[in-house]
Number of protein chains: 2
Amino acid sequence: MIGKLDRSASREDRTAAILDAAWVLAGRDGVAGLTLRGLARELDLSQPSLYEYFESKHALYDALFADGNRQLLGRLENLRLPTDPRRAVKVVLRAFVEFALADEARRQLLFHRPIPGFVPSPESYAIAEAVLARGVDVLEAAGVDDPADVDCIIAMVAGLIDSQASNDPGGTRWTRHLDRLVDLYLDNPRKDAR
Amino acid sequence: MIGKLDRSASREDRTAAILDAAWVLAGRDGVAGLTLRGLARELDLSQPSLYEYFESKHALYDALFADGNRQLLGRLENLRLPTDPRRAVKVVLRAFVEFALADEARRQLLFHRPIPGFVPSPESYAIAEAVLARGVDVLEAAGVDDPADVDCIIAMVAGLIDSQASNDPGGTRWTRHLDRLVDLYLDNPRKDAR
DNA sequence: GTCTATACATCGATAGAC
DNA sequence: GTCTATCGATGTATAGAC
């Protein structure tokens with residue numbers, strides 16, 4: 001039991017409490033292992049009542065997707081960035097990596113497609129795009145003006161995150177190379193424009 | 001209908017035919033969308049009869065995992081490698097990338113965990129490790145003697161594959177940078193040993 | 001809003017006849 | 001080996017009482 005749903009709370013707070021419980025269950029049983037019956041049980045709520053908050057299971061996943069991306073966007077926006085653009089890149093990417101690796105279920109839902117048939121709604125996806133835009137901003141400020149170089153850096157970071165999560169969860173075997181690789185990519189743009 | 005199971009064939013051949021049909025269905029409906037009923041229907045077989053060939057759905061996934069890795073290992077072993085070690089690295093990694101991107105269902109099953117609760121058996125995983133060992137071999141021949149550098153290159157390749165598959169399936173937006181990035185990594189080992 | 005109860009679909013898996 | 005029949009779980013959705 002995670003905790004009974006507080007009926008005296010506002011609808012907004014109840015919805016948030018449901019999402020929190022869903023994150024806990026997704027962490028315990030996997031994102032795809034989340035069931036409405038199980039979620040309702042943890043909240044001491046009947047399964048049909050969940051439909052008062054989410055019109056379908058996909059809508060619940062969509063709310064989780066949006067919730068996770070909002071967490072990430074908030075984290076990135078609250079960073080105190082160094083004035084040095086290159087150090088700012090490292091701070092932002094490090095925060096991104098740590099966020100992604102802090103919660104396995106969240107990582108899967110936000111950065112992969114663990115639910116067959118589930119595609120985020122345009123509104124939710126817009127939040128994910130705002131996150132990406134934040135990364136592109138700091139990269140451009142650091143002189144990465146070629147979109148191809150942005151692509152390569154994003155892919156490098158994604159590769160580190162996935163390798164870390166898949167092969168050494170909780171460790172630093174891959175993530176410890178982030179700063180060095182950032183320098184490597186920043187020092188070697190596609191067209192050596194010097 | 002993919003094709004009736006040939007009852008006069010050997011058990012081995014029948015098992016292989018089931019796996020072939022499973023790949024087709026996984027490609028059509030997604031790895032997680034594969035169902036025993038659907039598979040049996042395509043083979044004109046009853047669903048419980050599949051249990052004569054695989055003791056569980058997980059065992060079927062395990063056989064697919066082993067099958068896909070055997071395909072990849074065979075592909076890598078049959079490559080004609082250039083004598084130049086660096087060019088050999090590029091040929092092997094390029095073959096790896098192309099194999100991964102040639103079949104979306106296979107990519108997901110071999111390189112991710114799309115099925116909650118499914119973990120490859122030690123026997124099947126050994127084949128995947130043999131694939132990895134092949135990559136490590138050519139990298140070492142090209143002078144990559146630091147395991148950390150091997151990790152970074154593998155993660156870079158994985159990042160390119162995932163970005164390509166997720167954001168530009170069928171295209172070359174990320175994979176076109178493979179050779180350049182291989183050079184970048186090979187030219188910049190972790191400890192600049194010059 | 002929340003509940004009980006229910007309907008209908010899917011799925012993996014098993015029992016037991018042949 | 002193959003089949004039919006079945007079980008218990010799931011998700012989706014609805015009806016209707018309170």
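Ala, Val, Leu, Ile, Met, Phe, Trp, Tyr, Cys and Pro count as nonpolar; Asp, Glu, Lys and Arg count as charged; the others, Gly among them, count as polar. By that scheme, the surface near DNA strand C has seven nonpolar, five polar and seven charged residues. The model is predicted. Two topics follow: the DNA surface, and how chains A and B are related.

**Around DNA strand C**
- DNA strand C is surrounded by 19 residues.
- The closest are A:Arg11, A:Ser49, A:Tyr53, B:Gln47 and B:Lys57.
- Of the atoms of DNA strand C that come within 4 Å of the protein, 59% belong to sugar and phosphate.

**Contacts with phosphate oxygens**
- A:Ser46 has a backbone N or O atom 2.9 Å from a phosphate oxygen of DNA strand C.
- B:Leu36 also places a backbone N or O atom 2.9 Å from a phosphate oxygen of this strand.
- B:Thr35 uses its side chain: a polar atom there lies 3.4 Å from a phosphate oxygen of DNA strand C.
- Two elements give two or more residues to the surface near DNA strand C: helix 1 (11–29) of chain A and helix 2 (36–43) of chain B.

**How the two chains are related**
- A turn of 178° and a shift of 0.2 Å along the axis lay chain A on chain B, with an RMSD of 0.3 Å.
- This is the relation of a two-fold axis.
- In chain A, A:Gly159 has the C-alpha nearest the axis, at 2.0 Å from it.
- Both copies use the same surface: 100% of the contact residues of chain A recur in chain B.

Conventions:
Residues numbered from 1 in each chain as written. Chains lettered and ligands numbered in written order. Predicted model: local features only at pLDDT ≥ 70, side-chain atom pairs only at ≥ 80, totals over all residues. Heavy atoms only, no water. Near = heavy atom within 4 Å. Polar contact = N/O pair within 3.5 Å; in protein donor to acceptor, adjacent residues only side chain to side chain. Helix = DSSP H or I, 4+ residues; strand = E, 2+ residues; numbered from the N terminus. Least-squares fit on C-alpha atoms with pLDDT ≥ 70 in both. Contact = heavy atoms within 4.5 Å.
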